[in-house]
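Student: Could you walk me through reading a few local features in a model like this one?

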Amino acid sequence: MTITLEQAQQAIEAAKQKSIEIGTLMNIAIVDSGANLAAFARQEGAWLGSIDISIRKAKTARYFDMPTGEIGKLSQPGGPLYNIEHSNGGLISFPGGIPIKNAEGTIIGAIGVSGSTVENDHTVAQAGVDAIS
């Protein structure tokens, strides 16, 4: 099972609306169950450097089927995943990437958001997930 283009677009629209609501400009990436880019949106004026970060957040969340913020907690010095961010061509281990599940609880993709504080990134990403779940 994988996310459809229609679902990916729903997630992006919900994330964009949340971004507008909280007054931020974001890059929003959706990957499918194989961690392939399925959809992407960059709000006008969002940081260019956050394009890559949003895509890597989405891929990281899918590669390990957990929010990137959780990976960050596990990858601290002395943690079980210390230095994991150097694997897979570079991962992101701070909040803003979240797996997306279907109604049955199967992971069908992930969202990655970047462009503001990690708290705002996570909030906007969660809005995208909530639009699908």
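We will look at a strand and its hairpin, then at two single residues.

Tutor: Happy to! Keep in mind that this is a predicted model.

Student: Is strand β3 largely enclosed or open, and why?

Tutor: A residue counts as buried when its relative accessible area is under 20%. In strand β3, residues 97–101, four of the five residues are buried, so the rest of the structure largely encloses this strand.

Student: How does β3 pair with strand β4?

Tutor: One general idea to keep in mind: side chains in a regular strand alternate between the two faces of the sheet. Here, β3 and β4 (residues 107–114) are antiparallel partners, with five bridges between them. Within this pairing, Ile100 sits opposite Gly109 of β4. The hairpin has five residues between the strands, and Gly105 in the hairpin adopts a positive phi near 90°.

Student: Now a single residue: is Asp121 buried or exposed?

Tutor: Asp121 belongs to helix α4, residues 118–132. Its relative accessibility is 2%, so Asp121 counts as buried. Setting aside residues up to four places away in sequence, Asp121 touches Met26, Lys57, Pro95, Gly96, Val113, Ser114, Gly115 and Ser116.

Student: And where does Met66 lie?

Tutor: Look in the loop between α2 (49–64) and α3 (68–74). With 24% relative accessibility, Met66 counts as partly exposed. Beyond its neighbours within four places in sequence, Met66 has contacts that include Gly97 and Pro99, along with Ala61, Ile71 and Leu74.

Student: How far apart in space are Met66 and Gln76?

Tutor: Their C-alpha atoms are 16 Å apart, while Met66 and Gln76 are 10 residues apart in sequence.

Key:
Residues numbered from 1 in each chain as written. Predicted model: local features only at pLDDT ≥ 70, side-chain atom pairs only at ≥ 80, totals over all residues. Heavy atoms only, no water. Buried < 20%, exposed > 50% of the residue type's maximum accessible area, 1.4 Å probe, protein only. Helix = DSSP H or I, 4+ residues; strand = E, 2+ residues; numbered from the N terminus. Pairing = 2+ DSSP bridges. Contact = heavy atoms within 4.5 Å.
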